[in-house]
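Here's a quick briefing on the model below, sorted by topic. Have a look at the fold first, then read on.

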Amino acid sequence: MDLNDIKIDSSPTGNQAFSFTRTNSTGSIPAGGCNSSASSAQNTDDEDSDPNKTRCYKQRRRQAHTMAEQKRRDAIKKGYDELTMIVPTCHHPESISNQKMSKASVLQKSIDYMQFLTQQKKTQEDELESLRREVMALKIMKANYEHIVKTHQNTPKHGQSQVSDELKFQVFKQIMDTLFQSFNSSISVANFAELSACVFSWLEEYCKPQTLREAVMDILTQLNTQLTSSQQ
């Protein structure tokens with residue numbers, strides 16, 4: 001103990017009190033020294049635990065990435081397996097050995113098969129459209145034949161009043177006049193090629209059975225009205 005460490009306090013009553021202060025070589029111990037040491041130890045523990053947390057986080061992240069990658073690979077494998085089952089050309093191995101077909105071959109054979117199905121679908125649609133047009137033409141022919149049969153059934157027999165030749169000529173003349181009017185308005189005679197094209201176009205548009213039938217019916221209706229008016 002050093003004499004400098006002894007302090008003498010004088011009280012108002014005259015009594016003296018002695019107090020001792022212990023110091024080390026570096027000086028006096030600050031207040032709350034124990035608490036500071038505990039806090040420093042706690043900070044050191046936290047710093048030591050940070051690398052463990054970082055390693056755990058990286059490990060969990062690596063595991064999640066591995067699981068996602070495995071899931072993606074499983075989905076791709078399942079897709080290739082389904083293509084191999086669906087595409088008929090993938091059922092046959094490329095070589096004599098039972099070696100598994102490569103993914104590139106599966107994709108190429110799948111593309112070829114889809115192109116084949118697309119072409120087949122187009123061919124079937126063309127055939128269906130052709131059959132529809134044929135059915136429509138047959139319906140028109142059927143209607144025309146039915147009309148011809150009814151006309152022959154209504155034709156007066158021998159001994160009954162028959163239509164005169166003059167009236168027949170009038171019907172024929174008006175039919176020809178109607179056709180000539182449409183022909184004259186549709187035909188161009190600038191050159192032979194244009195004339196040929198216009199003639200075929202006119203035939204397709206104005207000489208269809210349904211168009212001729214409607215024109216003849218109008219002419220017959222007009223003549224019948226005129227005959228009825230003249231007889232009255």
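On the face of α3 turned away from its buried side sit the exposed residues Asp165, Glu166, Phe169, Phe180, Gln181, Asn184 and Ser185. Here "exposed" is over 50% relative accessible area, "buried" is under 20%, and "partly exposed" is in between, using a 1.4 Å probe and protein chains only. Bear in mind that this is a predicted model, where local features need pLDDT of at least 70, side-chain atom pairs count only at pLDDT 80 or more, and totals for chains, interfaces and linings use all residues. Residues are numbered from 1 along each chain as its sequence is written, and side-chain values use heavy atoms, with hydrogens and water left out.

**Overall layout**

- The protein has five helices and two strands, in the order β-β-α-α-α-α-α from the N terminus on.
- Those elements are DSSP runs numbered from the N terminus: helices are H or I with at least four residues, and strands are E with at least two.
- Just 7% of the 232 residues count as buried.
- About 20,100 Å² of the protein is exposed, and carbon and sulfur atoms supply 57% of that area; the areas come from the Shrake-Rupley method with a 1.4 Å probe, and for residues only the protein chains shown count as cover.
- Take the contacts (heavy atoms within 4.5 Å) with a separation of 6 or more: 33% of them are between residues 24 or more positions apart.

**Helix α3**

- With 22 residues at 1.5 Å a residue, α3 should span 32 Å, and its end C-alpha atoms are 31 Å apart, which agrees; the expected span is 1.5 Å times one less than the number of residues.
- Val171, Ile175, Leu179 and Ser182 are the buried residues to look at in α3.
- Viewed down the axis, the buried residues of α3 fall within an arc of 60°, so they line one face of the helix. That arc is taken over the directions from the helix axis to the C-beta atoms.

**Aromatic pairs**

- Searching the whole structure turns up two aromatic pairs. The rings that count are those of Phe, Tyr and Trp (its six-membered ring), with centres within 6.5 Å; planes under 30 degrees apart are stacked, over 60 edge-to-face, and the rest tilted.
- One of the pairs is Phe183 with Trp202, an edge-to-face case at 4.9 Å centre to centre and 85° between the planes.
- This pair links distant parts of the chain, since Phe183 lies in helix α3 (residues 165-186) and Trp202 in helix α4 (residues 192-206), 19 residues apart.
- Phe183 is partly exposed at 27% relative accessible area, whereas Trp202 is buried at 10%.

**Helix α2**

- α2 has 51 residues and reaches 74 Å from its first C-alpha to its last, close to the 75 Å expected at 1.5 Å a residue.
- The buried residues in α2 are Ser105, Val106, Ser110 and Asn144.
- Asn144 has a relative accessible area of 18%.
- Leaving out neighbours within four places in sequence, what does Asn144 contact? Its partners are Pro209 and Arg213.

**Salt bridges**

- Side chains of opposite charge can pair when their charged atoms come close.
- The whole structure holds nine salt bridges, each one a side-chain nitrogen of Lys or Arg within 4 Å of a carboxyl oxygen of Asp or Glu.
- In helix α1 (residues 33-86), Asp81 and Lys77 lie four residues apart, about one turn of the helix, and they form a salt bridge whose closest N and O atoms are 3.1 Å apart.
- Both ends of that bridge are partly exposed: Asp81 has 31% relative accessibility and Lys77 has 45%.
- Lys121 bridges to Glu125, with the closest N and O atoms 2.9 Å apart. These two are separated by about one helical turn because they are four residues apart in helix α2 (residues 103-153).
- Glu125 is partly exposed, at 44% relative accessibility.
- Also in α2, Glu129 and Arg132 are three residues apart, about one helical turn, and their side chains meet in a salt bridge at 3.9 Å, N to O.
- Glu129 counts as partly exposed at 36% relative accessibility, while Arg132 counts as exposed at 52%.
- Elsewhere, Glu69, Arg72 and Arg73 are joined into one network by salt bridges that share partners.
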